[in-house]
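User: Pick one part of this model and walk me through it closely, then carry on to whatever else is worth a look. Keep it informal, but give me the cut-offs as you go.

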Amino acid sequence: MTDLETLKADALARIDAAPDAATLEGLRVEFLGKQGSISGLMKTLGAMSPEERQTEAPKIQGLRTDVADALAAKKDVLDAAELDARLATETLDLTLPAPEAPKGSVHPVSQVMDELAEIFADLGFSVATGPEIEDDWHNFTALNMAETHPARAMHDTFYFPDVDSEGRRMLLRTHTSPVQIRSMVEQGAPLRIIAPGRVYRSDSDATHTPMFHQIEGLVVDKGIHLGHLKWTLETFLKAFFEREDIVLRLRPSYFPFTEPSVEVDVGWQDVDGRRVLGGDGDAPGHGWMELLGSGVINRRVIEFAGLDPDVWQGFAFGVGVDRLAMLKYGMDDLRAFFDGDGRWLSHYGFSPFDQPTLSAGVGARA
């Protein structure tokens with residue numbers, strides 16, 4: 001037996017007997033690595049004469065090919081054996097629930113919008129929407145705001161340089177009240193709606209942002225008075241804050257679009273450094289906090305909407321959605337609502353699978 005045949009027989013026998021992948025890798029390096037025995041034979045071809053190379057090269061190359069094939073075949077055998085061993089020891093319980101997939105969070109503003117819609121739907125209100133780019137007639141004039149009213153000033157309102165087809169100035173709406181006007185004009189009376197949405201005012205600090213969210217309510221019917229307004233607001237706030245001890249105080253105020261007009265205060269107390277609504281504001285340790293504005297619809301607004309104020313009366317109210325979220329869920333800076341910080345949203349956000357309902361709780365957290 002020649003030296004090549006001996007080397008081949010030894011290599012194939014040792015490869016066949018390799019018990020694991022680590023041993024097999026060691027044999028590969030020993031035979032075919034840069035310093036391997038077969039690689040060394042390949043290097044000797046350069047020192048041979050052409051005649052010798054013609055005779056010996058096919059033999060050495062054949063040896064290399066046979067050893068490489070044996071290594072590959074043995075690797076397949078070892079890999080298959082390892083897989084069989086894993087399958088024999090590892091089991092998968094198909095009755096276990098699938099791992100929870102990553103999911104996003106519902107923004108607190110969207111959550112509160114849903115909570116409010118749920119509450120007012122139970123009270124018989126429908127949701128109305130309107131354009132965010134408004135004309136000054138719907139935004140101001142139809143709401144009984146005079147041309148000299150401070151809200152029309154540039155420092156409060158974002159105006160556009162152009163006008164509409166009727167020559168009216170265009171602006172970003174400063175409240176959702178224009179939706180009330182459009183609804184009365186288009187639908188007539190009786191009417192019971194809420195108008196949630198984005199509004200815009202030139203203001204920015206810890207409790208004000210140039211864009212924020214507002215919800216307004218409107219009821220138009222026969223024989224409506226201030227008592228209907230008070231009952232509606234009490235019922236709404238008790239359901240939203242999920243407390244029966246909500247106490248309201250109505251203070252006379254002035255709004256061009258309501259007469260009489262009232263500011264609505266709600267009792268609160270400090271609980272572990274957090275302002276919590278509930279209880280009589282005049283009770284020891286309690287106080288009053290202004291929450292929203294409201295009133296009986298001004299006769300002129302009823303007339304602007306094309307209705308007879310001697311037949312139809314109504315009430316309206318408006319409150320900031322962002323402020324409601326801050327009070328209910330303990331947030332202290334309105335600007336954080338719009339920073340886009342994922343950490344803030346993961347802390348205050350809601351699961352998209354937990355929809356608010358009156359039966360399960362409008363404020364159910366994820």
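Analyst: Gly330 comes just after helix 10 and takes a positive phi of about 75°. Helices here are DSSP runs of H or I with at least four residues, strands are runs of E with at least two, and both are numbered from the N terminus. Before going on: this is a predicted model, so local features need pLDDT of at least 70 and side-chain atom pairs count only at pLDDT 80 or more, while totals for chains, interfaces and linings use all residues. Residues are numbered from 1 along each chain as its sequence is written, and side-chain values use heavy atoms, with hydrogens and water left out.

Back to helix 10 itself, residues 321–329. Eight of its nine residues are buried, so the rest of the structure largely encloses it. Buried means under 20% relative accessible area, exposed means over 50%, and partly exposed is in between (1.4 Å probe, protein chains only). The buried set is Val321, Asp322, Leu324, Ala325, Met326, Leu327, Lys328 and Tyr329, so you'll spot Asp322 and Lys328 in there too.

Keep going along the chain and you reach Asp333, in the loop between helix 10 and helix 11 (342–348). Asp333 is partly exposed, because its relative accessibility is 23%. A polar atom of its side chain lies 2.9 Å from the backbone nitrogen of Arg335. That's a polar contact: N or O atoms within 3.5 Å, where within protein one must be able to donate a hydrogen and the other to accept it, and residues adjacent in sequence count only if both atoms are side-chain atoms. For scale, Asp333 and Ala146 are 187 residues apart in sequence, with their C-alpha atoms 34 Å apart in space.

Another loop residue is Asn298, between strand 10 (286–297) and helix 9 (299–304). With a relative accessibility of 13%, Asn298 counts as buried. A polar atom of its side chain lies 3.4 Å from the backbone oxygen of Pro256. Leaving aside residues up to four places away in sequence, Asn298 touches Asn144, Pro256, Phe257, Thr258 and Glu259, where contact means heavy atoms within 4.5 Å.

Now the charges. A salt bridge here is a side-chain nitrogen of Lys or Arg within 4 Å of a carboxyl oxygen of Asp or Glu, and that rule gives 21 of them. One pairs Asp135 with Arg182, with the closest N and O atoms 3.7 Å apart. That pair links distant parts of the chain, since Asp135 sits in strand 2 (residues 133–135) and Arg182 in helix 7 (residues 177–187), 47 residues apart. Asp135 is buried at 4% relative accessible area, whereas Arg182 is partly exposed at 22%. Another bridge joins the side chains of Asp164 and Arg168 at 2.9 Å, N to O. Glu134, Asp135, Asp164, Glu166, Arg168 and Arg182 are linked in a network of salt bridges.

Asp10 and Arg14 give you a local version, with their closest N and O atoms 3.8 Å apart. Both lie in helix 1 (residues 3–17), four residues apart, about one turn of the helix. Asp10 is partly exposed at 36% relative accessibility, and Arg14 is partly exposed at 33%.
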